[in-house]
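This report looks at one chain, starting from two individual positions and then turning to the chain as a whole. The sequence and the structure are shown below.

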Amino acid sequence: MKLKLIIPGWAETSIWKSFIFRFPYLSVTTIAALTPSDWEIKIEDENVSPINFEEDVDLVGITALTPLAPRAYEIATEFKKKGVRVVMGGFHATWLPEEANKYVDSVVIGEADAIWQSVLQDFQGNQLQPFYRSNGRSDFKGVPTARRDLLDRSGYFFINTMQTTRGCPFNCEFCSVTAFFGHSYRVRPLEDVEKELNTLTGNANFLFIVDDNIVGRPDYAKELFQLLKKFHFKWLSQASITLAENMELLKLAQE
């Protein structure tokens, strides 16, 4: 079976279209890693290269933020015209699943980790459901190493992205993070983090840890920073301003 995972392109009028500091979405490389080995997988990022609508493919998966939803629907429509089944997930599809379902065959609501295998099994059994929603929150333990090998490295400023925590302990009214992940804060086992970090050594000199708040649990952050000290690449992440109140944590981050 052939699976194509697609990231829609930004409009020509968007500042993100010409953004030099481009990196791949971790969601698609993680979904690729969660796909069984008997599937042939291809990742296409329209911001890097045009989508090949003529390629023979069995299933298309699309992820989209709200600004990219109109383009995602156009892409889905084009594939459906060719008789290809389309699954959509991500933030926009989660907020407006009924809208998304007008354009695709199936909508994954919320975190896809725990239910992606069910989606693929139902597709292979010709029993694809219109909606899939995970019961509870995904277990962060055992999340496989992202399939960076499927990316066109020439199209990105860097390709090393990973996640060590999920969610945020705060519930700011302007932010979609807690609404999407629930009022929870989950941490990835450090042994899993170290295992993935070891795959980034060698020619890797920069890492973006895509956590929404890497210091949401200071005790875990301290252990994580001590682990990161063993590696020689530079890294970037996001943190709440509470980091500035913890001098020990700041020092470890610096080190």
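## Phe23 and its surroundings

In this predicted model, Phe23 lies in the loop that runs between strand 1 (2-7) and helix 1 (26-34). Its relative accessible area is 26%, so Phe23 counts as partly exposed, given that buried means under 20% and exposed over 50%.

Once neighbours within four places in sequence are left aside, Phe23 is in contact with Tyr156, Phe158, Thr161 and Phe208. For one of these residues, Thr161, the separation from Phe23 is 138 residues in sequence, while the C-alpha atoms of the pair are 7.8 Å apart in space.

## Ser237 and its surroundings

Ser237 is placed in the loop between strand 11 (234-236) and helix 9 (247-254), and its side chain reaches the backbone oxygen of Ile209 at 2.8 Å. Not counting residues up to four places away in sequence, Ser237 touches Ile209 together with Phe208, Asp211 and Ile214. Phe208 thus appears among the contacts of Ser237 and also among those of Phe23.

## The chain as a whole

The chain comprises 9 helices and 11 strands, and 51% of its 255 residues count as buried. Its radius of gyration is 19 Å, which agrees with the value near 18 Å for a compact globule of 255 residues, and the C-alpha trace spans about 55 × 40 × 35 Å along its principal axes.

Among contacts with a separation of 6 or more, 74% join residues 24 or more positions apart. The chain exposes about 13,000 Å², of which carbon and sulfur atoms supply 52%, and the mean positions of its 27 positive and 33 negative charges lie 2 Å apart.

How values were computed. Residues numbered from 1 in each chain as written. Predicted model: local features only at pLDDT ≥ 70, side-chain atom pairs only at ≥ 80, totals over all residues. Heavy atoms only, no water. Helix = DSSP H or I, 4+ residues; strand = E, 2+ residues; numbered from the N terminus. Buried < 20%, exposed > 50% of the residue type's maximum accessible area, 1.4 Å probe, protein only. Contact = heavy atoms within 4.5 Å. Polar contact = N/O pair within 3.5 Å; in protein donor to acceptor, adjacent residues only side chain to side chain. Rg over C-alpha atoms; globule rule 2.2 N^0.38 Å. Areas by Shrake-Rupley, 256 points an atom, 1.4 Å probe, with all protein chains shown as cover. Lys, Arg positive; Asp, Glu negative; His and termini not counted. Charge placed at Lys NZ, Arg CZ, Asp CG, Glu CD.
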